[in-house]
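Q: Please take a close look at one part of this model, the pairing of two neighbouring strands, and then set that part in its surroundings. A plain account will do.

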Amino acid sequence: MSKDRAVSRARMQMTLGLCLIVPGLPALAQSVAQPSGNQPRPTATGPSTPTQSSAIAGAQQNLYEAAGENGAQPSQDSFKGSVVQGTATGTVLDLSLDDAIQRGLKANLGLILQDSAQSSANGQRLEQLQALLPTATGAVSINVQQVNLAAYGLKFPGLNPIVGPFQVVDFRGYLTQNLFNVSALQNYIAAKHNFAGAKLTAADARDLVVLTVGNAYLLAIADNARIEAVTAELATSKLTLDQAVAAHDAGTSPKLDVLRAQVDYQNIQQNLISAKNEFEKSKLALARAIGLPLAQEFQLTDRVPYAAFDQVDPQTAFEGALKTRKDLQASQEQVLAASAESRSAWAYQLPVASFTGDFGALGTTPGHSHSSYTATGQITMPILQIAKTKGQEEVASAQFEQARAKLSDQAQQINQDVRNSLLDIQAASKLVEATHSNVELANEALSEAQQRFHAGVSDNLPVSQAQSQTEQANDQYISALYQHNVAKLALARALGVAQTNYKDYLGGK
């Protein structure tokens, strides 16, 4: 029976992995650092190339394709971790499901990393905005020179070719401003949509936290229920062993019955040790997901019993999910960003109008200086870059088509998630009914076998077999309850309402 229990638990642990396979898991790439300096650069006001803007497109793409290799990026495994808050108190903490979820929403690592990714996306948006705003810099310089005119071919009779030393002091401010730059404008629009998508992805991550923490809590409840079931089985097995020993001592039962009862009793003892060990490990996994110190003792106060779930129309549920799934809305923002990137690539061939100017005081010393200024207006545009411009347009267009295709597929994935969850709920509900009936029948069969053995009508082989069937029935019933509750929680996530309505779904709705 220990093998069946191991298989059942393995299925439970697989459930979380299956539930977490959803689009929209976030990660973030770093933007390209721009050069800085006091002097304005003529190219600073030129066209914003798609190569520059592709850093944002790549960052947004990575928001939806986290592979988990970089520990600083949100991934599926990130939601199993947390930032520990506080220290162990030395007392036993009462932990309800709601308390666990609220702790997870504050300390879960995946959510914290996604919030950081959101801040980074906002920083990239501000960087692109700067290309549309005036840029002012200031500089102070002191230049001391001695010039050899002869080195430049300047020779005058009777004139010393060595001029100087002399100094020039310059206090100056510089201003640059793009007056007309369609490419920079589209890059900013793309960055704005990327930031909106990052915010939506962060909101979707809260549903993933609820799913992760809820699954960990339900798994711990199932392990605790197994301990209770195995403890009851151990008490029943001890009674059978005592009966076998008493019958053997009275000479009415062979030694084989005693040995068989002892083996059954010790097997159940081993199962109890294993069940307690699994329960403690499940508690550690739960604590790690919600930021509790691993040394903190706590007890589960919620049992989440079986509650029948009302039938839901799959099409209606899917239509509701299309309005509430934040990851789908984030993908829509990604499509808009890709569209802006495509327009930016096309606009790279347009003229760019810009202004540069400086104003300051120039002289040999600060007290002997005079104001000076320069004002320059210029219009620039690429010439003879047909291949480069065409290539950038094709790349941006391909990224736009990819984003649209992924959005369409994601909608179908949500449809599948909703329907899969509804099917799982229906199947698990039937399993709960069937396994509950099996438990009752197995207990009745065990009681009948014990009575026959006690009356001396048969040996204890039927008792041993009945005990084994009872263990299996209890284990299957506990697994069915767990599957039913997790399927309802997965449906709440598929509908995009896990954070706000998980109580309604676990309660049956």
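A: In this predicted model, strand S5 (residues 352-365) and S6 pair in the antiparallel sense, over 13 bridges. The two strands form a hairpin, with two residues between S5 and S6. Individual partners can be read off along the ladder: Ser 354 stands opposite Gln 378 in S6, and Thr 356 has Thr 376 of S6 as its bridge partner. Strands of a sheet pair through backbone hydrogen bonds, in either a parallel or an antiparallel sense.

The hairpin belongs to an open sheet of four strands, ordered S2-S3-S5-S6, with antiparallel pairing. Its edges are strand S2 (135-148) and strand S6 (368-380), each of which pairs on one side only. From one strand to the next, the twist averages 20 degrees.

Next come the helices. Two packed helices are described by the angle between their axes and the distance between the axes. For helix H5 (residues 182-249) and helix H8 (residues 326-347), the axes come within 8 Å and cross at roughly 170 degrees. Angles over 145 degrees count as roughly antiparallel, so H5 is roughly antiparallel to H8. The contact of H5 with H8 has 11 nonpolar, nine polar and six charged residues.

Helix H10 (residues 461-494) can be checked for its length. With 34 residues at 1.5 Å a residue, H10 should span 50 Å, and its end C-alpha atoms are 49 Å apart, which agrees. H10 is mostly covered, with 25 of its 34 residues buried. Just after H10, Gly 496 takes a positive phi of about 80 degrees.

The charged side chains give another view of how the parts are connected. Side chains of opposite charge can pair when their charged atoms come close. With the cut-off of 4 Å between nitrogen and carboxyl oxygen, the count comes to 14 salt bridges. Four residues, Asp 204, Arg 325, Asp 327 and Arg 493, are linked in a network of salt bridges.

One salt bridge joins Lys 503 and Asp 98, with the closest N and O atoms 3.6 Å apart. Lys 503 lies in helix H11 (residues 498-506) and Asp 98 in helix H3 (residues 97-107), so this pair ties together parts that are 405 residues apart in sequence. Lys 503 is exposed, with a relative accessible area of 54%, whereas Asp 98 counts as partly exposed at 26% relative accessibility.

Another salt bridge lies within a single helix. Glu 401 and Arg 404 are both in helix H9 (residues 386-454), three residues apart, about one turn of the helix. An α-helix has 3.6 residues a turn, so residues three or four places apart point the same way. The side chains of Glu 401 and Arg 404 meet in a salt bridge at 2.9 Å, N to O. Both count as partly exposed, Glu 401 at 37% relative accessibility and Arg 404 at 42%.

Asp 77 and Lys 80 also form a salt bridge, and their closest N and O atoms are 3.9 Å apart. At 55% relative accessibility Asp 77 counts as exposed, while Lys 80, at 40%, counts as partly exposed.

Technical notes. Residues numbered from 1 in each chain as written. Predicted model: local features only at pLDDT ≥ 70, side-chain atom pairs only at ≥ 80, totals over all residues. Heavy atoms only, no water. Expected span 1.5 Å × (residues − 1). Buried < 20%, exposed > 50% of the residue type's maximum accessible area, 1.4 Å probe, protein only. Pairing = 2+ DSSP bridges. Axes fitted to C-alpha atoms, helices over the stretch in contact; angles between N-to-C directions. Parallel < 35°, antiparallel > 145°, perpendicular 65-115°, else oblique. Nonpolar A, V, L, I, M, F, W, Y, C, P; charged D, E, K, R; others polar.
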